[in-house]
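Let's take a friendly walk through a protein chain together. Have the sequence and the 3D view open, and follow along residue by residue.

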Amino acid sequence: EGFTEGKISCCGSGPYRGIPSCGERSNEYKLCEKVSDFLFFDSVHPTEKAYQQFAELIWSGTPNITCPYNLKALFEH
C-alpha cells in the first residue's frame with residue numbers, strides 16, 4: 001500500500017536520481033534494490049505499484065476521488 005520513498009526515484013542519477021540516465025552505458029546511474037518501496041521508477045514514470053494503485057482508484061475509487069463516477073459505476077450504467 002504505502003511507499004517508503006516518495007522523493008527519490010528508483011533509477012537515475014544526480015539529485016533525487018532525477019537525471020534520466022537509467023540504463024545508459026555510462027554507468028553513472030544508481031538503481032534501487034526494492035522497486036516497490038518507491039513511488040517513482042525514474043524521473044518521470046511511476047513504479048508498477050503506483051500505476052496499480054492509480055488504476056484501482058480510477059476503477060473503483062470513492063466519489064471524493066473520482067467524482068462524479070468511478071469507471072466501474074460508469075460502465076454499470
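Arginine 17 sits in the loop between β1 and β2. Its phi angle is near 55°, which is a positive value in a residue other than glycine. Tyrosine 16 is found in that loop between β1 and β2 as well, and its phi is also positive, near 60°. Is tyrosine 16 buried or exposed? With a relative accessible area of 54%, tyrosine 16 is exposed. Keep in mind as you look at these angles that the model is predicted.

**The overall layout**

Now zoom out to the whole chain. How many helices and strands does the protein chain have? There are three helices and two strands, and reading along the sequence gives the pattern β-β-α-α-α. The radius of gyration is 16 Å, well over the 11 Å that the globule rule gives for 77 residues, so the chain is more spread out than a compact globule. You can picture this with a box taken along the principal axes: the C-alpha atoms fill roughly 55 × 20 × 15 Å.

What share of the 77 residues is buried? Buried residues make up 21% of them. The accessible surface of the chain comes to about 5,900 Å², and carbon and sulfur atoms account for 57% of that surface. If you take the contacts between residues at least 6 apart in sequence, 35% of them join residues at least 24 apart. As for charges, the chain has 7 positive and 10 negative ones, and the mean positions of the two groups are 4 Å apart.

**The disulfides**

Next, look for the sulfur atoms. Counting pairs of cysteine sulfur atoms within 2.5 Å, we arrive at two disulfides. Here they are side by side.

| Cysteine pair | S to S distance | Torsion about the S-S bond | Handedness |
|---|---|---|---|
| cysteine 10 and cysteine 32 | 1.9 Å | about -75° | left-handed |
| cysteine 11 and cysteine 22 | 1.8 Å | 95° | right-handed |

Let's take the pair of cysteine 10 and cysteine 32, which form a disulfide. Cysteine 10 lies in the segment before β1 (11-12), and cysteine 32 lies in the loop between β2 (30-31) and α1 (48-60), so this pair ties together parts that are 22 residues apart in sequence. Cysteine 10 is buried, with a relative accessible area of 0%. Cysteine 32 counts as buried too, at 10% relative accessibility.

The other disulfide joins cysteine 11 to cysteine 22. Cysteine 11 belongs to strand β1 and cysteine 22 to the loop between β1 and β2, so the link ties together parts that are 11 residues apart in sequence. Here the two ends have their own surroundings: cysteine 11 is buried at a relative accessible area of 1%, whereas cysteine 22 counts as partly exposed at 30%.

Which pairing results when the bonded cysteines are numbered in sequence order? The pairing is 1-4, 2-3.

**A buried threonine**

Move on to threonine 47, in the loop between β2 and α1. Its relative accessible area is 2%, and because buried means under 20%, threonine 47 counts as buried. Which residues is threonine 47 in contact with, leaving aside its neighbours within four places in sequence? They are Phe3, Val35, Phe38, Leu39, Phe40 and Phe41.

**Towards the end of the chain**

Finally, follow the chain to the loop between α2 (63-66) and α3 (71-76), where proline 68 is found. The peptide bond from cysteine 67 to proline 68 is cis, with omega near 0°. Cysteine 67 counts as exposed, at 61% relative accessibility.

A little further on you reach leucine 71, in helix α3. Leucine 71 is partly exposed, with a relative accessible area of 33%. Not counting residues up to four places away in sequence, leucine 71 touches Ile58 and Trp59. How far apart are the C-alpha atoms of leucine 71 and alanine 55? They are separated by 9.8 Å, and the two residues are 16 residues apart along the chain.

Terms used
Residues are numbered from 1 along each chain as its sequence is written. This is a predicted model: local features need pLDDT of at least 70, side-chain atom pairs count only at pLDDT 80 or more; totals for chains, interfaces and linings use all residues. Side-chain values use heavy atoms; hydrogens and water are left out. Helices (H or I, at least four residues) and strands (E, at least two) are DSSP runs, numbered from the N terminus. Buried means under 20% relative accessible area, exposed over 50%, partly exposed in between (1.4 Å probe, protein chains only). The radius of gyration is taken over C-alpha atoms; the globule rule is 2.2 Å times the number of residues to the power 0.38. Contact means heavy atoms within 4.5 Å. Accessible areas come from the Shrake-Rupley method with a 1.4 Å probe; for residues, only the protein chains shown count as cover. Lys and Arg count as positive and Asp and Glu as negative; His and the chain ends are not counted. The place of a charge is taken as NZ of Lys, CZ of Arg, CG of Asp or CD of Glu.
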